[in-house]
Every structure is written in structure tokens, then in C-alpha cells.
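Come along while I page through a structure that may be new to you. I kept my notes short.

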Amino acid sequence: MAEFENTLPRTFEEFNEQRKASFIRVKDFKQAGNRLVGVLCSYTPMEIIDAAGASAVGLCGTSDEVIPDAEKVLPANLCPLIKSTYGFAYSQKCPFTYFSDLIIGETTCDGKKKMYELLADLKPVHILHLPQGRERAYEREGWREECRLLKERLEELYSITISDDDLRAAVRRRNRLREAQLSMFELQAQQPPAMGGVELMSTMFAGTFNFNVDSFATQIEDTVAARKAAYDAGERPISADARRILITGCPVGGVINKIGRTIEANGGTVVCMDDCSGERTARMMIDEDADDILGAIADRYLSINCSVMTPNEGRMENTLAMCEKYHVDGVVESVLTACHTFNVESAKMQAAVEGAGIPYMKVETDYSAGDQGQIDTRIAAFIETL
């Protein structure tokens, strides 16, 4: 396994200025003695990383830039998120992947879990074995054991002991961040909404690269206060005629512009992100006074509604509740190419949404620009019918 010191990659001079700045920033962060752990999924129990005194940074690939590099190793007919994630590590083009002490993966799909075996040749990797359901007692017990094993791995990695008090303190910080995120999401329930959906999605996505939980929570709180004050003063950044769209499906990080900006350029506005980084996960708090704090953390993450779970009726129920809360005119489901669980489950989502009398459209896409024209046409036509 390759060992990475706090040195820049050999190809550093080839990078653009923005990426160079990111490499320098995270290099300085590491040289100051800070700990950095790369994460790839909403099922990763962030409080355990926080309690280890480490910063968590998102590593999911959201660009087609490195997919040609990835396809030197991986098959072409694979999910773009998987290929992009591996491509950034393989090409050493992502500063956060390059400087991570450890990458935490999870077995949410077959493509990912086999990719992690290859990723482990490039970086230290710890795998969380996620159960396929939540209704059987052994599934919850097994997931708690996975969380305990992660805690032990971090203790061994950093030669520390993570106490229950450390976990409780981390829970308090993360609950504060979730409260701040909820307050930002709820700006969109206004009619018209108090901020643009692309701005909302971009803010949340940027948080995956923030090394400090408290500072990100403060940033969101300040933004929400400013938007509320402006709204109360009569500012209306979004037209009252804009059609209100809920986005569901796969993580939106790589399609914010491709789908989100297209919606907002064609008379729509994104009022709700109902993916794994949206309100349905932010609403899930952890009881910081629970007797078994590690168990409470484990239970919270296992309760996330994702298409990898069977059954997963809670996701559709949540989407319908969000449609009502955010006065939604239409639902757009974004499915990444070769993401079989979301693609299959989209049939149930469509039935639930249209059964409630709400128009629905599925967009199956990747991170390339090749289908942008087609998506523009389809989204424009969909919004025009609302």
C-alpha cells in the first residue's frame, strides 16, 4: 500500500490555479498536525470521525474529468460517481483524496465495494459493511458492531482513545449543523422561496469540503439570517411564477448545473433536495444523552432512507411529505447511469408521486455534457406543462 507524506503530487505544476490552491490549503492543514479522513457516503457515522479529532472531507467524484483515467482500470459501463471517485485517486488530481489519512467506504452497491479493493492499493481504506435492510434485529446489531470497529480503527490509526464524552460532544456539534441546515432548507418553503435552489445545493455541497463543523454551521446560520432579513425587507430573489420543483434520486453533487441550473433557467426553481444530502437526512438528530451513545449514533445512520435498503417505503413517504410542505408543482428524479437501485426504485417513486397527483419526470444521466441539449429540452417541456 502506498504511503503518502505531506508532499505535493508529481503532477502539481500541471494543475490549474484553483486546484493548486486547494492542494496547498490541505497540505498546510496536514503539516499543522491535523487529521483528515475521506468519506464517501451519508451512511458514514461522522460523529465517530469528529470524536477522533479528525476532519471529514467528502471524496465522491462529481466530474467526468478523470473518468478516462479511471477507465484504464475500471469498466466503462459503471456508475460515473464510482469511476470519478476512483479516477481522482488514481490520477492524484484530488487534493483531499491525496492527503487523507484514511478513506472510509461502505458497501452500498456492488460497484463501489469492488472499486474499494482497487482503491486500497492507492490509499488506506476502511470498509463499513452495511446491512441490506433494517427490520431484523441482527441487522441493527451488526451495524452497531461496524461502528464500533470504525471507532477502533481510528483509535489505532491515531493512537488515541475515543470516549463516550468525545462522542457526545461530536453529537452536539453535528446536531447543531443539522439544525442550521434545516433552517436553510426551510427558506424554500416560503412562497416564493427566499433563495435560489442552485445556491442552496452549492452551499450544501461545499460543506463536504469544510474542515470545521462549527465554522460551517456558523456560515449557514449567518446566511439564513441574511436571507430572512432580506426577505422580510421585501426582497424576492425568485419569481412568484416560478414552478416549484423537488429533486430526488441519486446525490446531486455532479449534476447541480446540469439539472438544477437547467430547471432554474427554464422557469422553475428547486425548492427541495430530497436526496441523501437533503432535508430527510438533516432531520435525523441523535439523542446526546442516550445511555448507549455509540448505539444511538449507529441507529441514526442506519435509519437513512436509501434505495440500497429493502424495503425502503420510508423514502417515498418522505418525498410525498416534502411535496406537501414545499408546495411542489413537479418532481424531477435524477438517476446516474448504471445506478441500478435508484433506477429500479424510480418505478415506485413515480407511482407514489403521480398517485398524489403531482407530475413526475426521470432524468437518467452521467457527468458528461453529451446529453445536455436533450436534458435542456426535456426539462423545459416538463416545466411548461406544470
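Before anything else, I noted what a helix is here: a DSSP run of H or I, at least four residues, numbered from the N terminus. With that in hand, I looked up Pro311 and found it in the loop between α13 (293-302) and α14 (313-325). I kept in mind that this is a predicted model.

**Entry: peptide bonds.** I stayed with Pro311 and read the bond leading into it. The peptide bond from Thr310 to Pro311 is cis, with omega near -5°. I found a cis bond between Gln191 and Pro192 too, with omega about 0°. Pro192 belongs to the loop between α8 and α9. I made a note of these since most peptide bonds are trans, and most residues other than glycine have a negative phi.

**Entry: positive phi.** I then looked up two residues on that second point. Gln92 is not a glycine, yet its phi is near 60°. I located Gln92 in the loop between α4 (80-91) and α5 (95-99). Its relative accessible area is 19%, so Gln92 counts as buried, the cut-off being under 20%. Ala338 is no glycine either, and its phi is positive at about 75°. I placed Ala338 in the loop between β7 (330-336) and α15 (340-355). At 23% relative accessibility, Ala338 is partly exposed.

**Entry: helix α10.** Does the length of α10 fit its residue count, I wondered, or what span should its 20 residues have? At 1.5 Å a residue, I expected 28 Å for residues 213-232, and the end C-alpha atoms are 29 Å apart, which agrees. I listed the buried residues of α10: Val213, Phe216, Ala217, Ile220, Val224, Ala230 and Tyr231. They lie on the same side of α10, because they cover an arc of only 160° around the axis. I was reminded that an α-helix has 3.6 residues a turn, so residues three or four places apart point the same way. The buried residues of α10 pack against α2 (46-51), α8 and α9 (197-206). I checked the ends as well. Asn212 caps the N-terminal end, with a side-chain oxygen 3.0 Å from the backbone nitrogen of Asp214. After α10 comes Gly234, with a positive phi near 105°.

**Entry: the core.** I looked up the largest nonpolar core, which has 122 residues; Ile49, Leu154 and Ile263 touch the most other members. Helix α8 (residues 164-185) gives the most to this core, with 8 residues. I followed Ile263 further: beyond its neighbours within four places in sequence, its contacts include Ile245, Ile247, Val270, Val332 and Ile379.

**Entry: cysteines.** How many disulfides are there? I got a count of 0. The sulfur of Cys147 is 12 Å from the closest cysteine sulfur, in Cys41, so it is too far for a bond. Cys250 is in no disulfide, and its nearest cysteine sulfur, that of Cys339, is 3.6 Å away; the cut-off is within 2.5 Å. I found Cys147 buried at 0% relative accessibility, and Cys250 buried at 1%.

**Entry: Lys30 and Phe12.** Is Lys30 buried or exposed? I found Lys30, in helix α1, buried at 10% relative accessibility. Leaving out residues up to four places away in sequence, Lys30 touches Asn6, Leu36, Phe99 and Asp101. Phe12 sits in the segment before α1 (17-31) and is buried at 12%. Outside its neighbours within four places in sequence, Phe12 is in contact with Lys20, Phe23 and Ile24.

Terms used
Residues are numbered from 1 along each chain as its sequence is written. This is a predicted model: local features need pLDDT of at least 70, side-chain atom pairs count only at pLDDT 80 or more; totals for chains, interfaces and linings use all residues. Side-chain values use heavy atoms; hydrogens and water are left out. A nonpolar core is a set of buried Ala, Val, Leu, Ile, Met, Phe, Trp, Tyr and Cys residues joined through side-chain atoms within 4.5 Å. Buried means under 20% relative accessible area, exposed over 50%, partly exposed in between (1.4 Å probe, protein chains only). Helices (H or I, at least four residues) and strands (E, at least two) are DSSP runs, numbered from the N terminus. Contact means heavy atoms within 4.5 Å. The expected span of a helix is 1.5 Å times one less than its number of residues. The arc is that of the directions from the helix axis to the C-beta atoms. A polar contact is a pair of N or O atoms within 3.5 Å; within protein, one must be able to donate a hydrogen and the other to accept it, and residues adjacent in sequence count only if both atoms are side-chain atoms.
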